[in-house]
Amino acid sequence: MAQPEPETRTQIDGNTLVAKTLLHAGVTHMFGVVGIPVTSLATRSVSLGIRFIAFHNEQSAGYAASAYGFLTGKPGLLLTVSGPGCVHGLAGLSNASINAWPTLLISGSSDQHYSGKGDFQELDQIETVKPFSKFSAKPVSISQIPGRVYDVLRHAVSGRPGGVYLDLPTDVLHQTVEEHEADELIKTAAEAAVSGKPAGFSGDISAAVAAIRSAQRPLIVVGKGAAYARAEGELKTFVEMTGIPFLPTPMGKGMLPDNHDLAATAARSLAIGKCDVALVVGARLNWLLHFGEPPKWAQDVKFILVDICEEEVELRKPFVGLVGDAKEVLGLINKEIKDDPFCLGRNHPWVESISSKVKDNVAKMEVQLSKDVVPFNFMTPMRIIRDAILGVGSPYPVLVSEGANTMDVGRAVLPQMEPRTRLDAGTWGTMGVGLGYCIAAAVACPERLVVAVEGDSGFGFSAMEVETLVRYKLPVVVIVFNNGGVYGGDRRCPEEITGPHKDDPAPTSFVHEAKYHVLIEAFGGKGYLVKTPDELKSALDESFSARKPAVINVILDPYAGSESGRLQHKN
């Protein structure tokens, strides 16, 4: 009688176990650059159903992962090789941490057996990422992989969101385990995982509402933390119930439409300079808000600070501190006000003064925008782009903006009508984020067109990723404001043009009228060269309708704009 054949048990390696755990934890997308030792990890992830977006450069991939975290509220994943790949990934990890966006950097690392002996791309990566990672983990054997994966994903979104790191040694990726045991390991890790939702609320809602109620000139400042928290519904209720003007930070724009009657953006100096109580929700009182200090703010202004991070509230020492999720805290404030409602009304002196200033400033800007200036200044093409974006309607495009003058002018001119539709240089003023952000937005928001308005210097950081746009057929239109360099060509005065290298190009200058549009054509995308209003209108109409990768090269007067944009005092 024939003996039954022994049961064969399927073995899987560490690469497959990482991929299976990520999928089980809800990961759907990953960005990165493959190579030793993580190529198999990317391949296995794709085969299991995770979409991998392969970049040319870890820096751009990292920026994509961080923006994905902001747009989706889930950790954005960046995969890199060991050593220099991990170092390159620090750009995205640090960007995530400073902007408080959940992002997971996963890097392969050298074989543990050869630690300290100079293995291929050996680096103490746990120590290297420490300044930028709120939590790091390293499985030292294959059985630890699921638990470590769940740990880092949980920390990315808990408390103040930010960057986390997972180190994957080569030898651990090559170890094997029986598949049924792997499934049990994943199940156990998932059951042990603690929710990453904010852990409750602390603060005196009654004191906050009392201060708002007694204010003569109240203001609500809304930051990208409120956008991340999906607090737009609660914000709308608060503003419409109280009649208090609101001021969004750059990436808080769109929480309520820019054309809302109580939007104070066009009266920013008046709003922050004269308000006596400021409810600041999901925004830090850093350089972007002049540290909440005179002379930009009134000496006796009372701040009510809503932040997910207790340390941030303690640092700023506000009149009232409310620690918690922006959506939850605004909901509690609304509930308190609803029990004893009040509203400033359109005829309130404070509301009238803000509205009047907004109308005056908008009218002054419209005078500048109404002129067709050729060669282009910044205003003329911005007006044409603004009209094209508004013409798209809802769902409005995601707008990506970077550059000095380009971003500064665009922030004032280009409209944000819906939440989380603006991505820019952020808290650090980071240049080079553009194409990574575009790719993240196209992946995270497939129903929206993505429009990037970039200076030629900002575009240059990540320009090669236009090939990535074409390869993945992403609906992204990149508009390059080409004025021939950083701030615009050679701005030196005659006495600065001296010395043995005086005939070299200026440190700020690029090739005059560079053909950036040809770059995307090399990969099969569509390029446009425009120098007149009609040419720009035609290019926007065609590219917006096509919803295919395109670069519009807008030639500007090289002397348009100013050095350092609005931060000339720092340069």
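The second largest cavity of this predicted model encloses about 30 Å³ of space. A cavity here is a set of points, on a 1 Å grid over the protein atoms alone, where a 1.4 Å probe fits but cannot get out, and lining residues have an atom within 4 Å of a point. Grid points are joined across faces, edges and corners, and a volume is the space filled by probe spheres set on the points. Residues are numbered from 1 along each chain as its sequence is written, and side-chain values use heavy atoms, with hydrogens and water left out. As the model is predicted, local features need pLDDT of at least 70 and side-chain atom pairs count only at pLDDT 80 or more, while totals for chains, interfaces and linings use all residues.

Around the second largest cavity stand Ile-212, Pro-218, Leu-219, Ile-220, Phe-238, Ile-244, Val-277 and Leu-279. Strand 9 (218-222) and strand 11 (277-281) each contribute at least two residues to this lining, and strand 9 gives the most, with three residues. Helices (H or I, at least four residues) and strands (E, at least two) are DSSP runs, numbered from the N terminus. By class, the lining of the second largest cavity comprises eight nonpolar, no polar and no charged residues. In this scheme Ala, Val, Leu, Ile, Met, Phe, Trp, Tyr, Cys and Pro count as nonpolar, Asp, Glu, Lys and Arg as charged, and the others, Gly among them, as polar.

The structure holds two cavities of 30 Å³ or more, and the largest has a volume of about 50 Å³. Lining the largest cavity are Ile-389, Tyr-396, Pro-397, Val-398, Leu-399, Pro-415, Gln-416, Met-417 and Thr-421. This lining divides into seven nonpolar, two polar and no charged residues.

Helix packing comes next. Two packed helices are described by the angle between their axes and the distance between the axes. Axes are lines fitted to C-alpha atoms, for helices over the stretch in contact, and angles run from 0 to 180 degrees between N-to-C directions. The axes of helix 16 (residues 379-392) and helix 17 (residues 405-413) come within 10 Å and cross at roughly 45°. Helix 16 and helix 17 are therefore oblique to each other; angles under 35 degrees count as roughly parallel, over 145 as roughly antiparallel, 65 to 115 as roughly perpendicular and the rest as oblique. The crossing of helix 16 and helix 17 is right-handed, a term used if the near helix is turned clockwise from the far one by less than a right angle, with left-handed for anticlockwise. On the helix 16 side, Met-379, Met-382, Arg-383 and Arg-386 meet Thr-406, Val-409, Gly-410 and Val-413 of helix 17, where contact means heavy atoms within 4.5 Å. The residues of this contact are four nonpolar, two polar and two charged.

Towards the start of the numbering, helix 1 (residues 14-24) packs with helix 2 (residues 39-48) at an angle of about 45°, with their axes 8 Å apart. Helix 1 and helix 2 are therefore oblique to each other, and their crossing is right-handed. Asn-15, Thr-16, Val-18, Ala-19, Lys-20 and Leu-23 of helix 1 touch Ser-40, Leu-41, Arg-44, Ser-45 and Leu-48 of helix 2. Sorted by class, that contact has five nonpolar, four polar and two charged residues.

For helix 6 (residues 145-157) and helix 8 (residues 179-192), the axes come within 8 Å and cross at roughly 30°. That makes helix 6 roughly parallel to helix 8. The crossing of helix 6 with helix 8 is right-handed. Pro-146, Gly-147 and Tyr-150 in helix 6 meet Leu-185, Ile-186, Ala-189 and Ala-190 in helix 8, a contact of six nonpolar, one polar and no charged residues.

Some backbone details in the loops are also worth a look. Ile-36 and Pro-37 are joined by a cis peptide bond, with omega about 5°, and Pro-37 sits in the loop between strand 2 (29-32) and helix 2. Another cis peptide bond links Val-374 to Pro-375, with omega about 0°; Pro-375 belongs to the loop between helix 15 (349-369) and helix 16. His-290, a residue other than glycine, has a positive phi near 55° and lies in the loop between strand 11 and strand 12 (302-307). Arg-547 likewise has a positive phi, of about 55°, although it is not a glycine, and is found in the loop between helix 22 (533-546) and strand 19 (550-555).

Notes: 1 Å grid on protein atoms, 1.4 Å probe; cavity = no way out; pocket = protein on both sides within 12 Å on 5 of 7 lines; lining within 4 Å.
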